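Please look through the sequence and the model together before reading on. The points below are meant to be checked against them one at a time.

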Amino acid sequence: MSVDAVPRTIEWIGGLDGHVLMIDQTRLPAELVMLECRDVRTMWDAIRRLCVRGAPAIGIAAAMGAVLGVRDYHGDDRAGFVKKLNEVCDYLASSRPTAVNLRWALDRIRRRAESTPGHDPSAIQRALLEEAKRIRDEDEGMCRAIGRLGEPLIRPGAGVLTHCNAGGLATACFGTALAPLYTAHQLGRSIRVYAGETRPLLQGSRLTAWELQQAGIDVTLLCDSMVGSLMKSGRVDLVVTGADRIAANGDVANKIGTYGIAVLAE
């Protein structure tokens, strides 16, 4: 199965009166359940409960949630609409106060409203939906670019160790750090992935291992404490992890356990 055959992490269905459809990641890996969000309260709850996770995916969810929150505004003045939008954005921002991409996406939605000319709220609503979809499409484009640029690092027969989840479930689709693996797989390159469980929330066992299986990639799940022994065995050629943040000087911040793997990989 190709990674593109897996349902998209999050998508807007229909026109302005449509809804958001996303994978409920709290139900993985036991079952694949698609969650419908038709109002801003449901989206707030989905972000809060980690139904959607991963910085890019949370940003997309927030942008689409803002559209859900203002599309039923029936006033006829621009000032009233902007006031409502700011209230909705502040409400969504409270769902995950530490999520940087969430606030970034909401700020972008606010700026789009400010830059849209005219006083017709319906025109601004349509512009906001267009912006939310653009945020999603731009993320997919970046993920596929990462796959193309990183694919040469994945040689045939490579053993790859992963930590946490940096795949399609964390993004619009295709993933960030896992994108080169997916691209190499699509090119017919045989690889074997070892996915660490990533305690305490088990993103590796619940999410990474699941989506690699769905894509048809050979994956073995291992507990975090086995990493040292596995690397000593010589079966790991490359370590791939995501990063919650990368500083301008190259420093990275990621889930607990990443530092230990980096030390082993030196």
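The note goes from the overall fold and its surface to the cysteines.

1. Please keep in mind throughout that this is a predicted model. In it the protein has 9 helices together with 9 strands. Its radius of gyration is 20 Å, which is close to the 18 Å given by the globule rule for 266 residues, so the protein is as compact as a globular protein of that length. Along the principal axes, the C-alpha trace spans about 70 × 35 × 35 Å.

2. Turning to the interior, 49% of the 266 residues count as buried. If one takes the contacts between residues at least 6 apart in sequence, 70% of them join residues that are at least 24 apart.

3. As for the surface, the protein exposes about 12500 Å², and carbon and sulfur atoms supply 54% of that area. There are 32 positive and 31 negative charges, and the mean positions of these two groups lie 3 Å apart.

4. How many disulfides does the structure hold? The number is 0. Cys89, for instance, is in no disulfide, and the nearest cysteine sulfur, which belongs to Cys37, is 16 Å away. Cys89 is also buried, with a relative accessible area of 0%.

5. Why does Cys143 form no bond with Cys173, whose sulfur is the closest cysteine sulfur to its own? The two sulfurs are 6.7 Å apart, which is too far for a bond, because a disulfide requires the sulfur atoms to be within 2.5 Å. Cys143 counts as buried as well, at 1% relative accessibility.

Notes:
Residues numbered from 1 in each chain as written. Predicted model: local features only at pLDDT ≥ 70, side-chain atom pairs only at ≥ 80, totals over all residues. Heavy atoms only, no water. Helix = DSSP H or I, 4+ residues; strand = E, 2+ residues; numbered from the N terminus. Rg over C-alpha atoms; globule rule 2.2 N^0.38 Å. Buried < 20%, exposed > 50% of the residue type's maximum accessible area, 1.4 Å probe, protein only. Contact = heavy atoms within 4.5 Å. Areas by Shrake-Rupley, 256 points an atom, 1.4 Å probe, with all protein chains shown as cover. Lys, Arg positive; Asp, Glu negative; His and termini not counted. Charge placed at Lys NZ, Arg CZ, Asp CG, Glu CD.
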